[in-house]
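Here's a walk through one protein model, from strand pairing to the core and the charged pairs. Have the structure open as you read.

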Amino acid sequence: GESLNAPLTLNIWTGADGAFSLYEDDGLGYGYERGEFSRIPIAWDDEAGTLTLGERQGAFPGMARERTIHLRWIDGPGMNVTDFDADIEQTLLYDGTAQTLVRP
């Protein structure tokens, strides 16, 4: 029931390196069984203070070529991570190519 291609918000917990892949498909059918999905590799380098969004892998019908991605930096236990109305600290337009951002 989520809006396909809506802006995404990533909460980045600092203090250690981390990595994952953002998986997406159309959310409606079984196209993923035929390879209709995408993955975006994402890695946080804590020492360098950089977030890397790798090159998008794959595609699916209806996939947006560009995505707005909002970033929130989580520095410790005092922050209210469940406050989904908290300020966005950085925004990028991801076009499927690799990008590395330095934390402000």
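Strand β4 (residues 50-53) runs antiparallel to β8, and 4 bridges join the two; strands pair here if DSSP finds at least two bridges between them. Within that pairing, T50 has V102 of β8 as its bridge partner. β8 itself has two faces: Q99 and L101 sit on the covered one, T100 and V102 on the uncovered one.

A word on ground rules. This is a predicted model, so local features need pLDDT of at least 70 and side-chain atom pairs count only at pLDDT 80 or more, while totals for chains, interfaces and linings use all residues. Residues are numbered from 1 along each chain as its sequence is written, and side-chain values use heavy atoms, with hydrogens and water left out.

Zooming out, the protein has 0 helices and 8 strands, so its elements read β-β-β-β-β-β-β-β from the N terminus on; helices (H or I, at least four residues) and strands (E, at least two) are DSSP runs, numbered from the N terminus. The C-alpha atoms fill a box of roughly 40 × 25 × 20 Å along the principal axes. Of the 104 residues, 30% count as buried, where buried means under 20% relative accessible area, exposed over 50%, and partly exposed in between (1.4 Å probe, protein chains only). Among contacts between residues at least 6 apart in sequence, 53% join residues at least 24 apart, a contact being heavy atoms within 4.5 Å.

Now for β3, which has several partners. It runs antiparallel to β2, with 7 bridges joining them, and S21 stands opposite P41 of β3. With strand β5 (residues 57-59), β3 pairs in the antiparallel sense over 3 bridges; there, S38 has G58 as its bridge partner. β3 also runs antiparallel to β4, joined by 4 bridges, and I42 stands opposite L53 in β4. The β3 and β4 hairpin has 4 residues between the strands, and G49 takes a positive phi near 70° in it.

In a regular strand the side chains alternate between the two faces of the sheet. β3 shows the alternation: S38, I40, I42 and W44 point to one face and are buried, while F37, R39, P41, A43 and D45 point to the other and are not.

What does I42 touch, leaving aside its neighbours within four places in sequence? The list is L10, G18, A19, F20, L22, L51, T52 and L53. I42 also turns up in the largest nonpolar core, which has 14 residues; I42, L51, L53, I69, L71 and L92 touch the most other members. The elements giving two or more residues to this core are β1 (8-13), β3 (37-45), β4, β6 and β7. A nonpolar core here is a set of buried Ala, Val, Leu, Ile, Met, Phe, Trp, Tyr and Cys residues joined through side-chain atoms within 4.5 Å.

On to the charges. A search of the whole structure finds 3 salt bridges, each a side-chain nitrogen of Lys or Arg within 4 Å of a carboxyl oxygen of Asp or Glu.

| Salt bridge | Closest N to O distance |
|---|---|
| R67 and E24 | 2.3 Å |
| D75 and R103 | 2.9 Å |
| R34 and E36 | 3.5 Å |

R67, in strand β6 (residues 67-74), and E24, in strand β2 (residues 18-24), are 43 residues apart, so this pair links distant parts of the chain. Both ends are buried, R67 at 5% relative accessibility and E24 at 15%. Leaving aside its neighbours within four places in sequence, E24 is in contact with L8, F37, S38, I40, F60 and R67.

The salt bridge of D75 and R103 ties together parts that are 28 residues apart in sequence, because D75 lies in the loop between β6 and β7 (90-94) and R103 in the segment after β8 (99-102). D75 is partly exposed at 46% relative accessibility, and R103 is partly exposed with a relative accessible area of 25%. As for the remaining pair, R34 is exposed, with a relative accessible area of 61%, while E36 counts as partly exposed at 25%.

Last, the rings. The structure holds 3 aromatic pairs; rings of Phe, Tyr and Trp (its six-membered ring) pair if their centres lie within 6.5 Å, with planes under 30 degrees apart counted as stacked, over 60 as edge-to-face and the rest as tilted. One of them is Y30 with Y32, a tilted pair at 6.1 Å centre to centre and 40° between the planes. Y30 counts as exposed at 56% relative accessibility, whereas Y32 is partly exposed with a relative accessible area of 36%.
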